[in-house]
Amino acid sequence: MLHGRDAEKHAIDGLLAAARAGRAGSLAMYGPAGIGKSALLDYAAGASAGALVLRVVGIESEAELPYAALHALLHPVIGATGALSGPQAAALCGALGLADAAGRETAGTEVPVGADRFLVGLAVLSLLAELSGQRPLLCLVDDAQWLDRASADALLFAVRRLHAEPVAVVVAARDDDAPSLSGLAQLRLAGLDRPAAEAVLAAQEIDLARAVRDRLVDEAAGNPLALVELPHALSPAQRAGALNPVDGFGSGPGPLLGRVQASFRLRIGALPEATRRCLLVAALAGSGATTPVVRAAEALGLAVTDFAPAEQAGLLTMSGTEITFRHPLVRAVVQGTCTLAQRVAAHRALAAAVVDDDRRAWHLAAAATGPDEAVAVQLERTAERAAARGGHAAVAAAYERAAELSEDPIDGGRRLTAAATAAGDAGQLPRAGVLAARASGLVHVPRLRARLAQVLGRLEFETGTPLTAARIAVDGLERVDPGDRATALSLGDQALLYTWYSPYDPEQDVLLARIERAMRPVGAEAATGLRLLWAQDYSRALPLLRISVAAQPEPTRLIGTGLGLYLADPAVAHVGAAALVAHHRTNGLAGALPQALVLMTTAYLLTGRHRDAKTAAADALRIAHDTGQSYRVGHLTALRAYLAAASGDDDGQSLAAEAVRHSADGTRMANTAWAEAALALRDGAAGRFGAALERLEAAAHGPGRHSVPVLLGLPDHVEAAVRAERPELAAAPLARFAAWAEATGQPAVLGTAARCRALTSTGSAAESAYAEAAELHAEAGQRFEQARTELVYGEWLRRQRRRGEARARLAVAVELLDELGNVAWLERACGELRATGAPAPTTSGGRDPLASLTPQERQVVRLAATGASNREIAAQLFLSARTVGYHLYKAFPKLGVSNRAQLARFDLPVTP
């Protein structure tokens with residue numbers, strides 16, 4: 001019976017009620033050991049009548065085994081993987097080392113080495129949604145602080161995407177070293193109040209003197225485990241009242257947890273030695289399976305009957321299949337009271353008893369007391385199997401221990417390098433840096449030195465400064481073996497990316513020259529093109545970028561796709577970014593997807609597709625949050641601020657401020673550059689041209705002068721200078737933008753350049769340039785830029801007192817801006833139109849019905865219009881099929897349609 005937990009039970013009851021009503025919900029419970037988390041999970045299981053219950057307990061000794069917890073959770077329902085799509089079934093079964101739905105063995109074959117762990121998460125999401133199709137599903141996770149990293153990532157990735165499914169998830173974790181459970185409702189458990197504590201103590205039915213009861217309640221501080229266990233540590237005399245202030249667990253300096261452990265220690269110490277040895281074998285086994293524990297015990301000369309005293313003492317329960325400890329603290333106390341020789345013997349016995357190669361390798365490693373190359377080799381094979389399952393954290397752990405057991409320092413360095421790389425892939429960047437630093441003094445092979453440079457560069461980029469990261473990457477690039485093309489391309493692209501994302505520094509020119517020289521054997525067009533871009537030599541830079549983009553061997557080369565945006569070619573921009581996004585979606589590479597969607601967002605921006613850009617940015621931001629990519633979160637927040645400014649959304653300023661906070665030290669150039677561009681765009685749309693000019697001047701000469709937002713902001717710079725009556729400040733941005741536009745040869749960019757010339761001209765020259773700009777924008781189908789051109793052309797005509805012509809141009813601008821939903825620009829256009837003497841225009845605030853959709857609904861609808869099924873859409877968007885159906889159910893009434901076929905009437909982009 002639970003005492004004093006009414007509020008907690010109410011929260012769980014609400015979660016279960018929502019699941020029965022078809023809504024997903026989750027709850028994360030935190031608290032110290034013994035506070036009652038497991039009891040509340042038991043309550044949830046008991047209150048879930050009619051639901052399918054899946055439950056798992058994290059085990060500390062299994063934290064290095066990839067997907068151990070996920071295997072335990074899903075084992076009762078693993079047959080349901082037959083309902084998953086081929087890639088998801090292969091990923092999940094491969095991660096768990098099982099046969100897939102077709103009966104094929106998948107471990108190490110179906111899932112490629114380095115497979116993204118979030119594809120497994122997507123498979124878990126689909127499986128949970130499938131299982132909940134017949135009845136509500138309850139997932140209970142206890143001791144989450146001890147889940148292996150791969151299982152934790154997969155489970156949390158799935159739980160955060162549950163929406164329209166009858167699934168309830170309750171996760172319990174200790175306060176200390178608890179995993180990040182953001183996205184789940186949070187509940188912190190406090191100690192029981194005094195009446196509840198007294199009720200728990202009374203339920204133990206141990207005869208205690210009144211003073212002793214009061215003292216136990218005081219000592220336990222509301223901790224239920226202490227209230228249950230501490231009375232057992234008392235002698236009969238103490239229970240009767242002979243308890244002085246320094247007796248046993250009394251008011252000494254030890255913390256409560258220590259006193260509970262002391263109680264367990266007393267009970268364990270009272271057991272026969274054979275029973276204590278049996279307890280040790282069970283404590284070290286990890287999995288809880290009875291058979292290997294009994295086999296190992298028998299190999300040590302023990303018998304299954306030797307477990308009986310521990311069961312009678314209430315320290316564990318034992319069945320034909322599973323051994324369960326009374327509390328994780330019992331396992332810890334057992335291990336803490338044994339000798340090294342006993343621990344080594346137990347691990348060796350377990351190594352001989354288990355059938356799983358990975359567990360055997362870890363038991364042998366735990367038994368090793370010095371270098372042992374044979375065990376190191378077995379751990380290396382364990383790491384390779386973990387890599388095939390996408391368990392990068394486990395890969396790092398296995399390689400690190402293998403390195404410690406290596407007899408040859410060269411092998412140790414190689415294994416530490418592999419451990420550092422895997423830790424980086426797992427997102428454990430600080431750990432990756434420590435491992436790489438340990439390896440650096442042992443590694444001298446160029447290929448391994450380059451891998452260390454990649455790890456250290458990535459660590460520096462995410463947690464330090466991009467310029468320092470670029471230096472590390474360039475140093476590593478220069479050491480790459482000339483024949484190692486793959487490493488040269490990978491590290492070279494990394495060096496270029498870090499240099500590109502750095503705030504301006506004269507050293508960047510030196511770094512680019514070094515990258516250019518080092519990459520000549522594999523193709524240096526991207527490096528040379530970037531160097532020329534920064535020199536504003538667009539006529540020479542852009543042809544090289546075209547070569548670089550065309551020469552990309554596959555869509556996974558980020559740098560080629562990124563620099564290809566400077567070509568301003570809609571086909572190149574969209575094809576490159578779309579191929580990258582499609583590749584990552586198809587393969588479930590959620591960790592790499594945010595960067596690809598950043599490029600997709602920018603490609604949409606270049607072609608004026610702001611709503612599509614918002615959708616891509618929102619998707620990327622959601623995934624970046626889930627995958628812990630803080631740099632991308634800041635970058636995407638800044639992009640969203642710019643998009644909000646372009647649309648006149650009210651949240652643009654707050655988003656810009658948030659983006660700047662993500663780069664408080666000024667080293668995140670992309671964040672600050674896009675944020676400043678957003679604020680300048682807001683000022684210009686509102687007619688605050690002096691403020692806009694001040695921002696744009698600072699940006700043009702500031703640390704982000706070479707960035708995409710500064711380049712795209714040059715037309716705003718020209719207009720702000722002219723409107724603020726500072727035409728001399730328009731000359732430089734006009735010359736730079738015109739040179740770039742000429743080099744691109746793209747009608748939309750040439751049209752914007754013509755508009756800038758018109759703004760700085762007078763008389764017939766201005767009129768000719770305005771007319772040219774309007775024609776080019778109409779030809780390119782760039783509605784936003786066409787609207788801006790029609791707006792400034794109409795303003796110019798009105799100032800020339802040609803009101804009728806001005807009215808016609810401004811009416812076009814109002815219509816376009818109304819369709820696009822660009823509120824701030826629409827207000828300005830309507831004001832100008834009224835100033836010509838025309839009646840106030842009737843606007844809808846955005847007649848495009850797609851404007852009423854949320855970004856998630858827009859994505860779902862776009863894919864539904866292509867004929868994709870709900871299951872196919874779910875796989876691409878990292879959602880469940882049921883959630884996709886929910887979004888379509890919400891979107892169809894907004895669009896005035898009742899089925900997929902009717903979506904053909906809308907202008908929906910075909911690119912991701």
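Buried here means under 20% relative accessible area, exposed over 50% and partly exposed in between, with a 1.4 Å probe and protein chains only. The model is predicted, so local features need pLDDT of at least 70 and side-chain atom pairs count only at pLDDT 80 or more, while totals for chains, interfaces and linings use all residues. Residues are numbered from 1 along each chain as its sequence is written, and side-chain values use heavy atoms, with hydrogens and water left out.

**View A. Cysteines without a partner.** There are zero disulfides in the structure (a disulfide being a pair of cysteine sulfur atoms within 2.5 Å). Cys93 sits too far from other cysteines to bond, because the closest sulfur, in Cys139, is 17 Å away. Cys278 is in no disulfide either, with the sulfur of Cys338 nearest at 14 Å. Cys278 is buried, at a relative accessible area of 0%, and Cys93 is buried at 0% too.

**View B. Around Trp500.** The largest nonpolar core (buried Ala, Val, Leu, Ile, Met, Phe, Trp, Tyr and Cys residues joined through side-chain atoms within 4.5 Å) has 159 residues, and Trp500 is one of those with the most contacts inside it. Helix 32, residues 630-647, gives this core its largest share, 11 residues (helices are DSSP runs of H or I, at least four residues; strands are runs of E, at least two; both are numbered from the N terminus). Beyond four places in sequence, Trp500 has contacts (heavy atoms within 4.5 Å) that include Trp534, Tyr566 and His706.

**View C. Strand 4, covered up.** Eight of the eight residues in strand 4 (167-174) are buried. Strand 1 pairs with strand 4 in the parallel sense over seven bridges (pairing needs at least two DSSP bridges), and Met29 stands opposite Ala172.
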